[in-house]
Amino acid sequence: MPKSQMIDTDQVRKSGFIEFKPIPVNQYAKTVKDELGRYEADDLIRIQRDMMIIRAFETMLNEIKLRGSYEGIEYSHKGPAHLSLGQEAAAVGQAYHLGIDDHIYGSHRSHGEILAKGLSAIEKLDDETLMSVMTNYFDGQCLGIVEKDANGSVKDLATDFLLYGTLAEIFGREAGFNKGMGGSMHAFFTPFGIYPNNAIVGGSGDISVGAALFKKVNQKRGIVIGNIGDAASSCGPVWEGLCLATMDQYKKLWEEPYRGGLPLIMNFYNNFYGMGGQPCGETMGFEILARLGAALNVEQMHAERVDGYNPLAVADAILRKREIIERGDGPVLLDTITYRYSGHSPSDQSSYREKSEIEAWKEHDPIVHFAGELIGAGVCQQSRIDELEQQAGELIVRACKKAVDLSVSPRADLMKKHCLLESTMYSNCKIESMEPDRKPETLLGIDENPRLKALANRSRSGFDENGERLRDTRCIGIRDALFEAIIDRFYVDPTLIAYGEENRDWGGAFAVYRGLTEALGYHRLFNTPISEGAIAGSAVGYALEGGRALVALMYCDFLGRAGDEVFNQLSKWQAMSGGLLKMPVVLRVSVGSKYGAQHSQDWTSMCAHIPGLKVVFPATPYDAKGLMYSALTGTDPVVFFESQRLYGQPEIFVPGGVPTGQYEVPFGEPAIRKEGKDLTILTIGATLYRAIEAAQELEAKYGISCEIIDARSIVPFNYEKVLDSVKKTHKILLTSDACERGSCLQTMAAKITRFAFDELDAPPVVLGARNWITPPDEVEDAFFPYPDDIIDAVHENIIPLKGYTVKRDCSTADQIRRSAEGI
Ligand SMILES: Cc1ncc(C[n+]2csc(CCOP(=O)(O)OP(=O)(O)O)c2C)c(N)n1
Ligand SMILES: [Mg+2]
């Protein structure tokens with residue numbers, strides 16, 4: 001149902017002022033004594049203990065990094081260690097009231113957050129559950145190492161497990177929490193609600209929003225916290241994430257019971273520094289970070305500054321903010337102030353700050369201060385604090401000894417065939433529904449869908465029963481074939497959601513989604529802000545939580561705006577998790593033409609270059625539907641390229657046309673579109689049809705029989721059919737609409753040369769678009785490869801055609817000239 005929100009002329013033209021509400025700054029003013037009714041003595045001591053464990057852990061890493069030894073344990077750790085010495089109270093205060101269902105996402109400096117949340121989880125889980133978590137995690141590999149010398153309670157064992165699992169991960173050991181494939185900046189442990197930490201600062205800004213979206217859409221318990229550094233508050237993913245998180249529609253348009261704000265706390269751990277730059281006073285203008293909330297929505301995101309040097313102030317804030325979230329009024333923004341004593345990394349000499357500043361903060365050290373309060377309030381005596389410190393030191397020594405020892409904690413062997421990374425880059429599963437026990441929520445039966453009804457009157461094939469070519473408008477085209485696969489999946493997988501710019505009432509870019517709005521509530525299909533980064537990044541968060549997302553970028557050229565999210569996040573988390581996580585995200589990317597330089601470029605090569613993405617480019621309706629089914633039943637991230645030239649293209653290759661039901665086209669298998677014996681033409685995307693035209697002319701005028709192969713997939717890609725064809729024809733030309741330099745065609749040509757060198761009469765010829773900007777439609781012919789260019793290239797580089805004169809210079813000399821000039 002299209003929405004109707006009239007823009008009232010009088011209202012919007014009226015004069016007035018925007019009024020802001022005061023933003024609370026460090027309003028918590030209670031002491032430990034004041035809080036004795038709220039917290040048991042044991043709880044308060046545990047807060048002290050957890051801070052001390054984190055301090056000891058980070059001190060150990062600092063020593064290892066700076067001196068190569070700790071308490072007599074020698075180790076050289078070459079990888080990163082961004083320490084949070086000084087920041088312990090903020091992390092422990094935050095974790096104190098969080099449950100297992102509350103998920104945190106963080107940054108490069110999150111060892112403390114991992115430990116604080118882990119220790120909080122251990123406290124909350126019963127022994128049986130803890131044992132089951134540890135036993136099942138990677139088949140008990142980590143547990144096996146820590147339980148050898150265990151002699152305490154299950155909670156003690158779990159504490160050893162947490163410290164060892166984190167440290168082994170930091171040291172790249174196979175028994176680490178992510179098999180040693182994430183390392184210090186990316187470590188996480190989902191059974192305790194600790195979700196991926198991100199070395200790309202601000203990376204969690206939109207991922208955490210997607211995670212909160214998952215909780216909301218699928219009505220899961222708990223909240224999500226995105227922990228971001230203060231300097232990262234300027235990052236695109238954070239701003240875009242905040243825009244996506246605060247959309248009006250959650251509170252105004254989404255239907256009950258989905259109505260209400262996202263269950264999200266965007267928390268900034270504000271230690272007043274980036275690496276050396278100072279957001280407050282130098283690189284930003286907000287003065288107090290919490291002010292950012294005022295920019296985002298009427299509620300000002302309930303923004304607040306809290307004192308992260310007092311764990312109870314932070315714990316109190318989390319409780320209050322959770323209440324706001326639970327009444328549907330989230331998301332909220334916290335500016336949790338803190339300070340790091342250590343450098344950005346151990347090699348940092350702190351040249352950008354005065355020693356006196358560090359000393360002044362140490363004067364307020366949260367661990368010393370809180371211990372003093374505990375003693376002052378009669379909760380414990382100094383001897384108990386000393387005991388806690390000693391125990392923390394012993395725990396860390398125990399974990400460290402095991403983690404550095406290669407005989408106890410070996411690294412994964414990545415030199416062998418089918419090694420850990422080879423088997424975890426893709427999860428390669430087939431899962432129709434991410435939650436098979438739940439019924440998908442839709443607004444009408446699939447048979448009642450108006451578009452499907454209209455499509456029932458169209459021809460499934462581009463030909464009539466007499467073999468006559470039908471007008472395109474009478475046939476199922478690629479846009480319809482995509483729609484058929486997509487709508488069907490919405491009736492199978494309850495977690496499936498689709499979103500992006502103009503996805504809803506507009507009908508999606510190029511009308512692919514027309515008919516979806518009628519079928520789906522807002523929570524399954526919605527418009528987003530123009531935030532390509534957050535569109536892709538939030539899909540990552542949605543998938544990390546266990547859902548499946550279908551997101552779209554209107555034009556391929558906008559992929560640049562989502563660069564980090566696609567190239568660093570979507571692609572890498574499956575392998576960085578050691579194979580634990582799945583990433584069922586389909587990113588539809590439409591390749592333009594006619595719209596000039598910034599709307600018409602094919603960037604397949606960028607995606608194909610990045611390990612961890614699957615990349616497909618169907619050119620026929622049969623493949624569009626079948627590949628979409630494969631993408632939407634798979635568990636890997638798929639960049640799904642579509643050509644705007646082809647949305648109306650009917651099926652002309654498969655007899656009978658596009659099947660009505662479900663079927664899958666496997667990734668990686670090219671299709672032979674036309675058999676031939678003299679020349680192979682391998683196409684990617686829309687050049688298929690131009691290759692056919694060229695082949696018809698080559699055959700009719702020069703007697704050259706062409707075999708045409710449509711790549712369909714780029715990653716993965718099985719070369720067998722192409723090599724078989726080359727064995728027959730001994731010649732190959734490759735063509736696509738992407739600029740030739742650095743293209744997938746070049747990679748394929750190089751591999752074909754290598755794999756079939758002895759079979760080739762001539763080197764493979766690559767015909768891409770020119771290495772220019774895409775010119776406007778009126779002169780586009782000079783840019784993209786057309787049939788004449790194919791014939792020119794065949795004549796010039798493969799088989800001289802009798803009596804033929806090239807239309808345009810494509811000689812080797814001219815190619816060398818163009819290369820020399822960078823064009
Ligand atoms: C996108 C990106 N840009 C730059 C960096 C390099 N870098 C690492 S940490 C850091 C400072 C981050 O400061 P802040 O967000 O305040 O976090 P903190 O280090 O203080 O915890 C920078 C610039 C990065 N990792 N990612
Ligand atoms: Mg900072």
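Hi everyone, let's start at G703: this residue comes just after helix α23 and takes a positive phi of about 65 degrees. Helices here are DSSP runs of H or I with at least four residues, strands are E runs of at least two, and both are numbered from the N terminus. One note on where this comes from: it is a predicted model, where local features need pLDDT of at least 70, side-chain atom pairs count only at pLDDT 80 or more, and totals for chains, interfaces and linings use all residues. Residues are numbered from 1 along each chain as its sequence is written, and side-chain values use heavy atoms, with hydrogens and water left out.

Back to α23, residues 687-702. Its end C-alpha atoms are 21 Å apart, which agrees with the 22 Å that 16 residues should span at 1.5 Å a residue, taking 1.5 Å times one less than the number of residues. Buried residues, meaning under 20% relative accessible area with a 1.4 Å probe and protein chains only, include Y689, R690 and L698. The buried residues of α23 pack against β15, β16, β17, β19 and α26, with contact meaning heavy atoms within 4.5 Å.

Now, which residues are closest to ligand 1? They are H108, R109, D230, A231 and N271, out of 14 that surround the ligand, where near means a heavy atom within 4 Å. By class, that shell has 7 nonpolar, 5 polar and 2 charged residues.

For the polar side, an oxygen atom of ligand 1 is 2.8 Å from an N or O atom in the N271 side chain. A ligand oxygen also sits 2.8 Å from a polar backbone atom of A231, and one is 2.9 Å from a polar backbone atom of Y273.

Methods: Chains lettered and ligands numbered in written order. Polar contact = N/O pair within 3.5 Å; in protein donor to acceptor, adjacent residues only side chain to side chain. Nonpolar A, V, L, I, M, F, W, Y, C, P; charged D, E, K, R; others polar. Buried < 20%, exposed > 50% of the residue type's maximum accessible area, 1.4 Å probe, protein only.
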